[in-house]
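Reader: I am new to reading backbone features, and I would like to go through them slowly. Could you show me how to begin?

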Amino acid sequence: MDFPHLTYSGPPIDDPAILASVPETYATLLRERNGLIALSGGFHLRGACRSPAWHSLRAAWEGSAALYHLFPAILPTDVPFGEEACGDQFLLRNGEVVRLSAETGEVKPVAPDLETFLTRVRDDGIATLGLEPLVAFLREGQKLEPGQLLSAFPPFCVEEAKNGVTLKAVSGAERLAFLAGLARQLKDVPDGGHIELTTGP
């Protein structure tokens, strides 16, 4: 499957064992191209590799920094195959694709299977993934390097974001740590409630 505006292709597979643990559709994709970043940084498909760590499916799934440690809504059995530019995560759960809204920690189904989801990303990634912030960022002459995610402050989920947000490129690990902390703060806050935000990625 070809995706537009590639900015990164994964290294040769050096973690073949993990392919036996994922659905065959995903394994077949990785054998053809070991993950990628497409849509000028808008979509990252993780690969079967040990390094770089930010591209490693095993690191995101099973490592000490596995995503399920950061976000309680992610199950250890979820396959964290991809992410979009701002850090929302895409997971395979019982064959379905679900999306973790990383700001709030909520998980919602988005596609019945991986092939359907990837076809939508390829054909209309901006609408499928909600990449309007990235489009605005790129129009300013900025870009996301491999391993980076797009930071938005204040977060999109808070009322103050209606007045505009500041966008910048930060390391993926830094962004996800910030989002996990934000989701923990928001967990018990009712609609219209207040939280204290510090400037972050």
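Author: Let us begin with a definition: a residue is called buried under 20% relative accessible area, exposed over 50%, and partly exposed in between, using a 1.4 Å probe and protein chains only. This is a predicted model, in which local features need pLDDT of at least 70 and side-chain atom pairs count only at pLDDT 80 or more, while totals for chains, interfaces and linings use all residues. Residues are numbered from 1 along each chain as its sequence is written, and side-chain values use heavy atoms, with hydrogens and water left out.

Reader: Is N94 buried or exposed?

Author: N94 is exposed, because its relative accessible area is 81%.

Reader: What is the general idea behind the sign of phi, and where is N94 placed?

Author: Most residues other than glycine have a negative phi, and most peptide bonds are trans. N94, however, has a positive phi near 55°, and N94 is placed in the loop between β5 (89-93) and β6 (96-101). Here helices (H or I, at least four residues) and strands (E, at least two) are DSSP runs, numbered from the N terminus.

Reader: What is the phi of L39, and is L39 buried or exposed?

Author: L39, which is not a glycine, has a positive phi of about 55°, and L39 counts as buried because its relative accessibility is 12%. The loop between β2 (36-38) and β3 holds L39.

Reader: Which residues are joined to P52 and P154 by a cis peptide bond?

Author: S51 is joined to P52 by a cis peptide bond with omega of about 0°, and P52 is found in the loop between β3 (43-45) and α2 (57-62). F153 is likewise joined to P154 by a cis peptide bond, with omega of about 0°, and P154 lies in the loop between β8 (148-153) and β9 (166-171).
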